[in-house]
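Colleague: I'm new to looking at structures like this one. Could you walk me through a few things in it?

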Amino acid sequence: KKTVTRRDWNDKYAQTFHKGDICLAYDKNPRCGGKKIAIVRLATNPYKQWLHCVTDEDEIKEGALWGSGKAYQEAMGIDRQLWVIEFELVNYPA
């Protein structure tokens, strides 16, 4: 069950999101044909994290697609920071 996503956003854009905001979640960028998959509420303000700090627990919250924090780091790179967006499910769109 995914409750976190990491994004390579510019700082100005990331800072437009705040804890408690209700947002639509897409399976991919809507400008590239993405479809709405859920309505979510941000659980925290977005924050930056170095990818070398991603743990196995973090990877599970990301949806457990890589199998471990180390595998996630190898796939995404370790020497970069991404914005972390923590969220909770509100509803699935009709």
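Colleague: Is Arg-41 buried, exposed or partly exposed, and what is its relative accessibility?
Modeller: Keep in mind that this is a predicted model. Anything under 20% would be buried and anything over 50% exposed. Arg-41 falls in between, so it counts as partly exposed, at 33%.

Colleague: Which side chain meets Arg-41 in a salt bridge?
Modeller: Look across to another strand: Arg-41 sits in strand 3, and its partner is in strand 5, 47 residues apart. That partner is partly exposed too, with 36% relative accessibility. The N to O distance is 2.9 Å, and the residue is Glu-88.

Colleague: How many residues apart in sequence are the parts tied together by Glu-62 and Lys-2?
Modeller: These two form a salt bridge, with their closest N and O atoms 2.9 Å apart. Glu-62 is in the loop between helix 2 and helix 3, while Lys-2 is in the segment before strand 1. So the pair ties together parts whose separation in sequence is 60 residues.

Colleague: Which one of that pair is buried?
Modeller: Lys-2 has a relative accessible area of 38%, so that one is partly exposed. Its partner has just 4% relative accessibility, which is under the 20% cut-off. The buried one is therefore Glu-62.

Colleague: Which residue is linked with Lys-2 and Glu-62 in a network of salt bridges?
Modeller: The structure holds 7 salt bridges. Some of them join up into a network that includes Lys-2 and Glu-62. The other member of that network is Arg-6.

Colleague: Where does Asp-8 lie, and which residue is its salt-bridge partner?
Modeller: Asp-8 is in the loop between strand 1 and helix 1, and its partner is in the loop between helix 3 and strand 5, so the pair ties together parts 72 residues apart in sequence. Asp-8 is exposed at 61%, whereas the partner is partly exposed at 29%. With the closest N and O atoms 3.8 Å apart, that partner is Arg-80.

Colleague: How many disulfides are there?
Modeller: Take Cys-23, which is buried at 15%. The closest cysteine sulfur to its own is in Cys-32, 19 Å away, so that's too far for a bond. Searching the whole structure gives a count of 0.

Colleague: How many residues does the largest nonpolar core have?
Modeller: Cys-23 turns up here again, along with others including Phe-17, Val-40 and Trp-83. Strands 2, 3 and 5 each supply at least two residues of this core. The total is 10.

Conventions
Residues numbered from 1 in each chain as written. Predicted model: local features only at pLDDT ≥ 70, side-chain atom pairs only at ≥ 80, totals over all residues. Heavy atoms only, no water. Core = buried A, V, L, I, M, F, W, Y, C linked by side-chain atoms within 4.5 Å. Buried < 20%, exposed > 50% of the residue type's maximum accessible area, 1.4 Å probe, protein only. Helix = DSSP H or I, 4+ residues; strand = E, 2+ residues; numbered from the N terminus. Disulfide = S-S within 2.5 Å. Salt bridge = Lys/Arg side-chain N within 4 Å of Asp/Glu carboxyl O.
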